[in-house]
Amino acid sequence: MDKSASKNVYVFVEQREGVIQSVALELLGKARELADELGEQVYAILLGKGISDKAQECIYYGADTVLCVDAPELESYVTEPYAQAICQIVNRYNPSILLIGATTIGRDLGPRLSARLTTGLTADCTGLAISEDRNLMMTRPAFGGNLMATIVCKEHRPQMSTVRPGVMKIGRRDTERKGNIEAVTIDFDKSKFRVKLLKTVKEQKNLVDITEAKILVSGGRGVGNQEGFDMLREMAKTIGAEVSSSRAMVDAGVISHDRQVGQTGKTVRPDVYFACGISGAIQHLAGMEESDMIIAINKDKFAPIFQVADIGIVGDVRKVIPLLTERLKNRSK
Ligand code: FAD
């Protein structure tokens, strides 16, 4: 294909019930960096019903142009209408790069688009950069996280990637930024709409979003059991933190998956991350090593977690955590 006709970095701006998702803002920031390096522009693709008033936000976070499709067919996410809308936009505007959040929606949408647009898709990326020959280098963990693979889509356009939420940093919200907002109309082929959304039932479970926490007290196999986690909860309560976990404790049924940090859990970036009885396996580090400060407590002084820790305490969590909690309680009095 003639790649010279493809230009600019596009971001699918995921919104749910009219709320732009953090991952979209993260991607706009990253897209800005990539576009600046290429000397190109950032386009935001904003789809939904009654969402035009959110377009300006995309400009504040880095977009030069927002392509806004405000249509009843796009009120809630359903694969077919969303795929049709984005395919038509891609065919009309010819992007060089298209970034999508690796959320449940993005993971459904990305493969559908790549098949229809006959281009590649690198799923679940943790790094994006521009190569010397101006291709997008898409990095993701491979072989169970034991190595990082960098993938390039040389022959086809757009270069498509889904990116893990929480990996890229949200840029500054700059209300001085100016940009264009274009209302785009889509010619939907409704004969292809085979799925109807009848109703949405929200899960009643009290899910916590550990990615939003400023302080995380995270426990691993060294914490052991529910009793051990009660100790962590007590400490977390004292300092206004949330409790998170390694996969070992999720697999053991001690804590729910929505609190798992790591490659198959969440990527977190808190101000302080307490790693308690966590060895520091590569798959765990992938989800927390960008934390501003890491405090590790482990009885094995050779545990790999100490290599990424800012402060390391060699000791038994069952002794250290109660002492620490006591000290913190006294300080907050
Ligand atoms: P362990 O590795 O068993 O470490 C326990 C640590 O506790 C040890 O360092 C030990 O010295 C210390 N300890 C023991 N007792 C005490 C005590 N009383 N006081 C202080 N320290 C003590 N893991 C994740 O966490 N998140 C993921 O998303 C994830 N995804 C994965 C994806 C794939 C494809 C694969 C193959 C693996 C994945 N894993 C993930 C698993 C990962 O490889 C490790 O097995 C896991 O992180 C280990 O958890 P842990 O550190 O709690 O346990």
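**View 1. Who makes up the shell around the ligand in this predicted model.** Polar residues account for 15 members of the shell, with five nonpolar and five charged residues making up the rest. That gives 25 residues around the ligand, and the ones that come nearest are Arg221, Ser246, Thr264, Ser279 and Gln283.

**View 2. Where the ligand sits, and which elements surround it.** Look for the ligand in the second largest pocket. Two elements each give two or more residues to the shell here: α6, spanning 247-251, and α7, spanning 282-285.

**View 3. Ligand oxygen atoms and their polar partners.** Start with His284, where an N or O atom of the side chain is 2.8 Å from an oxygen atom of the ligand. The backbone joins in too: at Gly277, an N or O atom of the main chain lies 3.0 Å from a ligand oxygen. Over at Gly265, a polar backbone atom is 3.3 Å from an oxygen atom of the ligand. As for how much of the ligand gets covered, on its own it exposes 980 Å², and the protein buries 76% of that.

**View 4. The β8–β9 hairpin.** Here we leave the ligand and turn to a pair of strands. β8 (residues 127-130) runs antiparallel to β9 (residues 136-142), and four bridges link the two. To get your bearings, find Gly127, which stands opposite Thr139 in β9. Five residues lie between the strands of this hairpin, and one residue in the turn, Arg134, has a positive phi of about 65°.

Note on methods. Residues are numbered from 1 along each chain as its sequence is written. This is a predicted model: local features need pLDDT of at least 70, side-chain atom pairs count only at pLDDT 80 or more; totals for chains, interfaces and linings use all residues. Side-chain values use heavy atoms; hydrogens and water are left out. A residue is near a molecule or strand if one of its heavy atoms lies within 4 Å of it. A polar contact is a pair of N or O atoms within 3.5 Å; within protein, one must be able to donate a hydrogen and the other to accept it, and residues adjacent in sequence count only if both atoms are side-chain atoms. Accessible areas come from the Shrake-Rupley method with a 1.4 Å probe; for residues, only the protein chains shown count as cover. On a 1 Å grid over the protein atoms alone, a cavity is a set of points where a 1.4 Å probe fits but cannot get out, and a pocket is an open set with protein on both sides within 12 Å along at least five of seven lines; lining residues have an atom within 4 Å of a point. A molecule sits in a cavity or pocket if more than half of its atoms lie within 2 Å of its grid points. Ala, Val, Leu, Ile, Met, Phe, Trp, Tyr, Cys and Pro count as nonpolar, Asp, Glu, Lys and Arg as charged, and the others, Gly among them, as polar. Two strands pair if DSSP finds at least two bridges between them.
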